[in-house]
Amino acid sequence: MTVQQKIIVAEGPAPSAATAAFLAADHRLFIGGRWVEAAEGGQLDVENPATGEIVARVPAGTAADIDAAVAAARQAFDHGPWSRMTPSERGRLVWKLADLLETHADEFAEIDSIDNGKPVTDARAVDVAFSCELLRYMAGWSTKIHGQTIALSSSAPFHAYTLREPVGVVGQIVPWNFPLMMAVWKVAPALAAGCTIVLKPAEQTPLSALRLAQLVEEAGFPAGVFNVVTGLGETAGAALAAHPDVDKVAFTGSTEVGKLILGAARGNLKKVSLELGGKSPVIVFPDADLDVALAGAASAIFYNMGQCCTAGSRLYVHRKVYDRLMAGMAAEAARLPVGVGLDPATRIGPLVSAEQLARVSGYIEAGQREGATVLTGGRRIGDRGFFLEPTVLTGTTPGMSVVREEIFGPVVCAMPFDDDDIDAIVAEANSSIYGLAASLYTRDLSKAHTVARRLKAGTIGVNVHHVVDVALPFGGFKQSGWGREMGYAAIELYTETKSIAVAL
Ligand code: ADP
């Protein structure tokens with residue numbers, strides 16, 4: 001099946017004056033409330049993936065900068081005004097940060113669109129809007145973190161209770177797929193809990209974290225509470241994960257790097273939370289509302305160019321509806337306008353980098369070598385920027401690399417199933433080292449709940465795929481991670497329980 005991809009723009013509109021001025025500025029690290037150059041003076045190019053052009057340069061922070069940032073965060077945690085603030089004062093600052101972010105929402109959407117390639121429309125409606133919502137939600141928790149009084153089982157008279165205290169200095173390492181939002185997922189609960197932070201954004205997309213630091217400064221957070229060190233994963237990131245004075249490391253990224261973080265954290269047994277890869281199944285039963293299933297299956301893999309840890313990359317469709325759904329997927333892939341992220345009509349932007357384009361294309365080739373068929377897509381679009389056609393592979397079988405491994409691109413493996421016995425399809429869906437998300441489409445209430453219970457994944461959508469809410473715990477089973485973000489679960493990630501017993 002050949003499809004004619006709809007390409008809408010070659011150049012795209014210019015960014016706003018505010019965004020252009022930010023891009024052109026001299027970017028520095030934010031450490032201890034001051035803007036400083038990297039200790040070793042190195043810089044990293046920041047590329048616009050729609051054009052391949054360099055749009056900014058940021059400091060290449062190294063271990064020395066991480067040392068300075070951790071020292072600033074330690075000072076702020078142990079001795080700064082932050083440590084004496086009331087929960088209410090803390091909550092107000094977090095809320096103020098949300099207000100400032102909202103004021104500059106369009107600018108942040110443009111920055112992430114230029115830096116990552118994503119459609120500015122999505123960046124504004126999802127990345128920035130969710131970040132504001134999450135900051136406000138977590139601001140509310142800061143005044144509601146409390147322990148319990150405990151009736152002890154021993155016969156001696158005791159008054160015993162627990163306190164929940166901030167875990168301390170936290171290192172936060174985030175990926176490039178939702179640059180601002182991934183940072184705020186980590187920063188918002190940590191601030192609400194009273195921790196201090198060293199944030200290391202991804203080297204591909206460091207800009208919105210630096211702009212966020214400007215707003216942190218403007219909001220009036222005490223110096224050292226929030227520090228940003230841009231730099232490479234293997235230098236700045238590794239130093240942060242291994243640092244002996246960091247109490248906790250929170251990481252979102254690949255499972256492979258998650259295991260390195262775990263190894264690095266071993267030295268001082270710092271607390272670790274990990275949100276890692278996925279290979280999420282989407283199951284369409286024959287009684288599903290097919291319009292709903294099609295919309296869900298398409299957005300599951302094409303949203304954010306498939307660069308989502310929850311991407312629905314294994315599509316299991318009952319044979320009775322397989323041909324109709326496949327025709328719909330191909331039509332949807334062709335219908336989505338491809339273009340520069342800054343054009344508001346764009347639905348599919350470029351992949352984040354040449355490296356990512358090569359990696360995803362390599363998977364498509366490997367799939368074909370192993371016997372898969374390209375139903376639609378599969379090719380690079382144009383020779384400027386890193387655009388790839390939304391791709392549907394058929395004829396895929398469980399042993400193929402494209403079915404087993406996380407591709408992190410707009411590539412779905414579609415597989416029909418015949419069996420009306422749910423055991424077989426549940427076993428197939430669960431046959432993955434990952435367990436981040438899953439979705440199923442059916443009108444049968446009993447089947448929906450039964451299958452949802454049996455799928456081994458942290459988030460299950462029924463008649464919907466991407467389900468993320470500030471209040472709903474989010475995280476992975478199996479090799480998709482440790483811990484849950486969002487909701488009160490995120491506050492638990494950034495606090496320790498202390499038990500106190502008083503002999504009466
Ligand atoms: P991807 O493979 O999609 O780029 P990664 O898991 O490599 O995702 O990157 C996620 C984040 O982890 C980025 O901020 C990156 O700089 C960082 N990172 C990469 N390697 C390491 C490492 N060895 N130690 C700590 N952080 C790392």
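**The ligand pocket and the enclosed cavities**

Trainee: What volume does the largest pocket have in this model?

Mentor: The model is predicted. A volume is taken as the space filled by probe spheres set on the grid points. For the largest pocket, that volume is about 1,300 Å³.

Trainee: Which residues of its lining are the closest to the centre of the largest pocket?

Mentor: The lining of the largest pocket comprises 48 residues. Those closest to the centre are Trp176, Glu203, Gln204, Ser254 and Val257.

Trainee: Which element gives the largest share of the lining of the largest pocket?

Mentor: The candidates are the elements that give two or more residues to this lining: strand E3 (43-48), H9, E10, H10 and helix H13 (354-369). The largest share amounts to seven residues, and it comes from H10.

Trainee: How many residues of that lining are charged?

Mentor: The lining of the largest pocket can be divided by residue class, with 23 nonpolar and twelve polar members. The charged residues of this lining number 13.

Trainee: Where does the ligand sit?

Mentor: The criterion is that more than half of the atoms of a molecule lie within 2 Å of the grid points of a pocket or cavity. The ligand is assigned to the largest pocket.

Trainee: Which elements give two or more residues to the shell around the ligand?

Mentor: The shell has ten nonpolar, six polar and two charged residues. The elements that contribute two or more residues to it are helix H9 (233-242), strand E10 (248-252) and helix H10 (255-265).

Trainee: Which residues come nearest to the ligand?

Mentor: A residue counts as near when one of its heavy atoms lies within 4 Å. There are 18 residues around the ligand. Those that come nearest are Val174, Trp176, Lys200, Glu203 and Ser254.

Trainee: What share of the exposed area of the ligand does the protein bury?

Mentor: Consider the polar contacts beforehand: an oxygen atom of the ligand lies 2.4 Å from a polar side-chain atom of Glu203, and an oxygen atom of the ligand is 2.8 Å from a side-chain N or O atom of Ser254. A nitrogen atom of the ligand also lies 3.4 Å from a backbone N or O atom of Ala238. Taken alone, the ligand exposes 550 Å², and the share of this area that the protein buries is 81%.

Trainee: Which residues lie nearest the centre of the largest cavity?

Mentor: The structure holds four cavities of 30 Å³ or more, and the largest cavity contains about 70 Å³ of space. Strand E12 (280-284), helix H15 (422-430), strand E19 (434-435) and strand E20 (437-441) each supply at least two residues of its lining. This lining has 15 residues, and nearest the centre lie Pro281, Tyr434, Gly435, Ala437 and Lys456.

Trainee: How many residues lining the second largest cavity are nonpolar?

Mentor: The second largest cavity has a volume of about 50 Å³. Its lining includes Gly278, Ile301, Cys308, Glu406 and Phe408. By class, four of the lining residues are polar and one is charged, while the nonpolar residues number six.

Note on methods:
Residues are numbered from 1 along each chain as its sequence is written. This is a predicted model: local features need pLDDT of at least 70, side-chain atom pairs count only at pLDDT 80 or more; totals for chains, interfaces and linings use all residues. Side-chain values use heavy atoms; hydrogens and water are left out. A polar contact is a pair of N or O atoms within 3.5 Å; within protein, one must be able to donate a hydrogen and the other to accept it, and residues adjacent in sequence count only if both atoms are side-chain atoms. Accessible areas come from the Shrake-Rupley method with a 1.4 Å probe; for residues, only the protein chains shown count as cover. On a 1 Å grid over the protein atoms alone, a cavity is a set of points where a 1.4 Å probe fits but cannot get out, and a pocket is an open set with protein on both sides within 12 Å along at least five of seven lines; lining residues have an atom within 4 Å of a point. Helices (H or I, at least four residues) and strands (E, at least two) are DSSP runs, numbered from the N terminus. Ala, Val, Leu, Ile, Met, Phe, Trp, Tyr, Cys and Pro count as nonpolar, Asp, Glu, Lys and Arg as charged, and the others, Gly among them, as polar.
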